[in-house]
Amino acid sequence: MKKAKDFRQKAVISLTMVLIVALMVSLAHLLRLFFEFSDSDFFELLVSSFETIGLVVSLFVAIRQLGDSKEIARAQFLTELNKSFVENAEYAELYNALQNCLDGKCPHQAECKEQGKCLLAISKGTVSNYLTFFETINLLVEDKVLDIEVIDNLFAYRFFLAVHSKFVQESKIIPQPENFVNIFKLEKKWLDYRKKIGKVPKEGSVYATRCLETLVDAETYARLVKENDK
C-alpha cells in the first residue's frame with residue numbers, strides 16, 4: 001500500500017514538472033512573438049526559464065526531504081521513548097499491579113476492602129518515577145516536540161491507569177498536588193483531546209473514574225491546570 005502511494009506521488013510530481021516545463025516553453029515562445037525577440041534573446045529567455053524551474057524543483061525537493069527527515073526523527077524518538085518505558089522494571093511493576101487491581105486479581109483485595117484503602121506493596125519512589133515519566137511527556141507536548149495525537153494510542157492507557165488509580169492518588173497526588181502540576185495539565189489536555197475526537201470516556205473506565213478535577217477544590221484545580229504564556 002505504501003509503495004503504491006509513493007508511486008502515485010512520484011507520478012503526480014513528474015507530471016507536474018512536465019506541465020511546468022511545457023508552460024514555460026510556451027510562455028517564452030509567446031513573449032518572443034509579442035515582443036519580437038531575436039533568436040539569441042529567445043534562447044536566453046528559455047535558458048533563464050529552465051534555471052528558474054531548476055531552482056523551484058530544488059527548493060521543493062529540499063523542503064520535502066526536510067519534512068521527511070523530521071518525521072523519521074520524530075518516529076525514532078517515539079520508539080526510544082516507548083522502549084524506555086517498557087524496559088523499565090519499576091514501571092512494569094506498578095503497571096502490572098494496577099492492572100491486577102482493575103481485573104480483580106490483586107492479592108490484597110480483601111484487606112483493601114476491609115481497611116478502605118489500597119495496600120499495594122510498592123514504594124512511593126516507584127510511583128514518583130512513573131509519574132515523572134509522564135511529567136516529561138507533558139513538557140515535550142508544551143514545547144511542541146510531541147503532540148497528544150501522536151502519543152494517544154501508545155501511552156494513553158498507561159497514563160490514565162496510573163493517574164486515575166486510587167493507589168497512586170492516595171500515595172502521591174492527593175498529599176502533594178502542587179508537586180504534580182504537569183500531571184494535572186497533561187490529564188486535562190489529554191481528556192479534552194479524546195473528547196474532541198469522539199473518544200468520550202465510558203463510565204467506569206480508567207478514563208472516567210477518579211478524575212483529578214475531583215481531588216482538589218475548583219480554585220486549586222484552575223490554578224494547577226493554567227497554561228503558562230509562552
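In this predicted model, D152 and R194 are both buried, and their side chains form a salt bridge in which the closest N and O atoms are 2.8 Å apart. The pair joins distant parts of the chain, since D152 belongs to helix α6 and R194 to helix α8, 42 residues apart.

D152 also meets K199 in a salt bridge, with 2.7 Å from N to O. Because K199 lies in the loop between α8 and α9 (218-225) while D152 sits in helix α6, this pair ties together parts that are 47 residues apart in sequence. With 30% relative accessibility K199 counts as partly exposed, whereas D152, at 4%, counts as buried.

The structure holds six salt bridges, among them the three listed here.

| Pair | Closest N to O distance |
|---|---|
| D152 and R194 | 2.8 Å |
| K199 and D152 | 2.7 Å |
| K189 and E142 | 3.8 Å |

E142, which counts as buried at 17% relative accessibility, is linked with K185 and K189 in a network of salt bridges.

Helix α7 (166-173) also contributes to the lining of the largest pocket, as do α3 (89-102), α4 (109-115) and α6 (148-163), each giving two or more residues. Six of the eight residues of α7 are buried, so this helix is largely enclosed by the rest of the structure; its buried residues pack against α3, α5 (124-142), α6 and α8 (181-196).

The largest pocket holds about 500 Å³ of space, and of its 23 lining residues, C101, L102, C118, K166 and R210 are the closest to its centre. The lining divides into 11 nonpolar, eight polar and four charged residues.

Note on methods
Residues are numbered from 1 along each chain as its sequence is written. This is a predicted model: local features need pLDDT of at least 70, side-chain atom pairs count only at pLDDT 80 or more; totals for chains, interfaces and linings use all residues. Side-chain values use heavy atoms; hydrogens and water are left out. On a 1 Å grid over the protein atoms alone, a cavity is a set of points where a 1.4 Å probe fits but cannot get out, and a pocket is an open set with protein on both sides within 12 Å along at least five of seven lines; lining residues have an atom within 4 Å of a point. Grid points are joined across faces, edges and corners, and a volume is the space filled by probe spheres set on the points. Helices (H or I, at least four residues) and strands (E, at least two) are DSSP runs, numbered from the N terminus. Ala, Val, Leu, Ile, Met, Phe, Trp, Tyr, Cys and Pro count as nonpolar, Asp, Glu, Lys and Arg as charged, and the others, Gly among them, as polar. Buried means under 20% relative accessible area, exposed over 50%, partly exposed in between (1.4 Å probe, protein chains only). Contact means heavy atoms within 4.5 Å. A salt bridge is a side-chain nitrogen of Lys or Arg within 4 Å of a carboxyl oxygen of Asp or Glu.
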